[in-house]
Amino acid sequence: MMNDKKLISISPFVIIANIVAVSIVFYSFQVSNGLLETILTITSLWPAWILCFVFIIIGALEETIKNKRIQNERNTLAENIKNFAEDNSHVNKLKENSYILLLRSFAFEKLLEVQNPDKQYYTFSQMADTISLEIFIGDALTGHSTIAVVDESRFIYKHGVGKVKLDDHIPWQETVLKFIEKSKLNIIIPGYTEGVIWELNQIQKLNLWHKTIIISPPISHPAIERRWHKTCEMLIKKFKINLDADTGLGAVFIIINGKAITVQTNLYQSTHDSFKETIEKVISGETYNSLSRILKLQELKQNANKDNMIEKQKSSLQQKLLLATMTAISTGISVYILFG
């Protein structure tokens, strides 16, 4: 398992301190000596300005090196998993290196973001208000060997989950199918593209819904909403899966007996720990088993209510028949007495 320790950078603090210090000096000199002398004085502080830029460069390099190191480790692990998946002699070893497979629609990928759960002011990358959903998933599921396939080398070192480049001489479906079959969990962010429809078809054919979750886009955006509504229409038409297209943004679903059940909401503001807890409960079978029991009890209750209703209808019909029979007999007797 990788050790994704965060490197604490003091660079932003140094920059802020320099800016504050220069501002104080500027203000004090302007008050006492006038604007011209202040500008000359600030200009004479060029070593401080150079120091600011040096720390900016150091901080940026540190973040780049850290992210590249983490991604290299994730990619190496992903490549090993690919080799195990393609070689049947390594099946047992693959189980020891169990992994989570991320499947997503490239139509959504660049638009998917969540709030940065680790927003801090001691590293450059953690100052961002939002991060991509892939980075969020990769960082939240550290230790679970989360992987995804890419079709171009330029995406390999993009920070996020471990990347596996598809081989040009092997159909991508063959590689992805092996990943789907041997994963401990499939996370799919669906779209209406042919590739995602094919992946969903394989999951349905192999009856792998018990180890599959669906994530809807976490944020509201005109482009996302249009694509998501179209995706939901496709899911109903082709797979009889009904997701809430209007209020289901940023939700995590599992599918039980064709029913989509929400297991986490508001992914946009989720923390790494809460998302990881949700995923681990699905992996362990706890979520699927408990919800299956609840659905079974609901079904039994509905069937019992249905049986009771049928019995009541039968009873009512019998009473009506009895009443009709008694009425007919009574009428016959009355006619007999009258007309003898």
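**Exercise 1. Which residues does Leu-243 touch, leaving aside residues up to four places away in sequence, and what core does Leu-243 belong to?**

*Solution.* Let's start with the contacts in this predicted model.
- Step 1: Leu-243 touches Ile-214, Trp-228, Cys-232, Leu-235, Phe-253 and Ala-260.
- Step 2: Leu-243 is named with Phe-179 and Leu-200 as having the most contacts inside the largest nonpolar core, a set of 31 residues.
- Step 3: Now look at who supplies that core. H3, S1, S4, H7, helix H8 (194–205), helix H9 (222–239) and S8 each give two or more residues. The largest share, 5 residues, is from H9.
- Step 4: There is also a second, separate core of 27 residues, and Leu-112, Ile-187, Ile-215 and Ile-261 are among its members.

**Exercise 2. Work out the strand order of the open sheet and say which strands stand at the edges.**

*Solution.* Walk across the sheet from one side to the other.
- Step 1: The order is S5-S4-S1-S6-S7-S8-S9, which makes 7 strands with mixed pairing.
- Step 2: The edges are S5 and strand S9 (259–264); each has a single partner strand, so one side of each has no neighbour in the sheet.
- Step 3: On average, neighbouring strands are turned by 30° against each other, direction ignored.
- Step 4: Zoom in on one edge. Strand S8 (residues 252–256) pairs with S9 in the antiparallel sense, over 5 bridges. In this region, Ile-256 stands opposite Lys-259 of S9.
- Step 5: Add a helix to the picture: H7 lies across S1, strand S4 (146–150), S5 and strand S6 (185–189), and runs at about 130° to S1.

**Exercise 3. Is Arg-104 buried or exposed, and which backbone oxygen does its side chain reach?**

*Solution.* Take the position, then the accessibility, then the partner.
- Step 1: Arg-104 sits in strand S1 (residues 100–104).
- Step 2: Its relative accessible area is 8%. The cut-off for buried is under 20%, so Arg-104 counts as buried.
- Step 3: The Arg-104 side chain reaches the backbone oxygen of Val-149 at 2.9 Å.

**Exercise 4. How many salt bridges does a search of the whole structure find, and which parts of the chain do the Asp-139–Arg-74 and Lys-82–Asp-167 pairs tie together?**

*Solution.* Begin with the total and go pair by pair.
- Step 1: The search gives 6 salt bridges.
- Step 2: In one of them, Asp-139 meets Arg-74 at 3.0 Å, N to O. Asp-139 is in helix H6 (residues 133–140) and Arg-74 in helix H3 (residues 46–86), so this pair links parts 65 residues apart in sequence. Arg-74 is buried at 6% relative accessible area, while Asp-139 is partly exposed at 27%.
- Step 3: Lys-82 and Asp-167 form another salt bridge, at 2.9 Å, N to O. Lys-82 lies in H3 and Asp-167 in the loop between strand S5 (162–165) and helix H7 (172–182), so the pair ties together parts 85 residues apart in sequence. Lys-82 is buried, with 4% relative accessibility, whereas Asp-167 is partly exposed at 23%.

**Exercise 5. Classify both partners of the Lys-165–Asp-168 salt bridge as buried, partly exposed or exposed.**

*Solution.* Check the distance, then each residue.
- Step 1: The side chains of Lys-165 and Asp-168 meet at 3.9 Å, N to O. The cut-off is within 4 Å, so the pair counts as a salt bridge.
- Step 2: Lys-165 has a relative accessible area of 25% and is partly exposed.
- Step 3: Asp-168 has 72% and is exposed.

Technical notes:
Residues are numbered from 1 along each chain as its sequence is written. This is a predicted model: local features need pLDDT of at least 70, side-chain atom pairs count only at pLDDT 80 or more; totals for chains, interfaces and linings use all residues. Side-chain values use heavy atoms; hydrogens and water are left out. Helices (H or I, at least four residues) and strands (E, at least two) are DSSP runs, numbered from the N terminus. Buried means under 20% relative accessible area, exposed over 50%, partly exposed in between (1.4 Å probe, protein chains only). A polar contact is a pair of N or O atoms within 3.5 Å; within protein, one must be able to donate a hydrogen and the other to accept it, and residues adjacent in sequence count only if both atoms are side-chain atoms. Two strands pair if DSSP finds at least two bridges between them. Axes are lines fitted to C-alpha atoms, for helices over the stretch in contact, and angles run from 0 to 180 degrees between N-to-C directions. Contact means heavy atoms within 4.5 Å. A nonpolar core is a set of buried Ala, Val, Leu, Ile, Met, Phe, Trp, Tyr and Cys residues joined through side-chain atoms within 4.5 Å.
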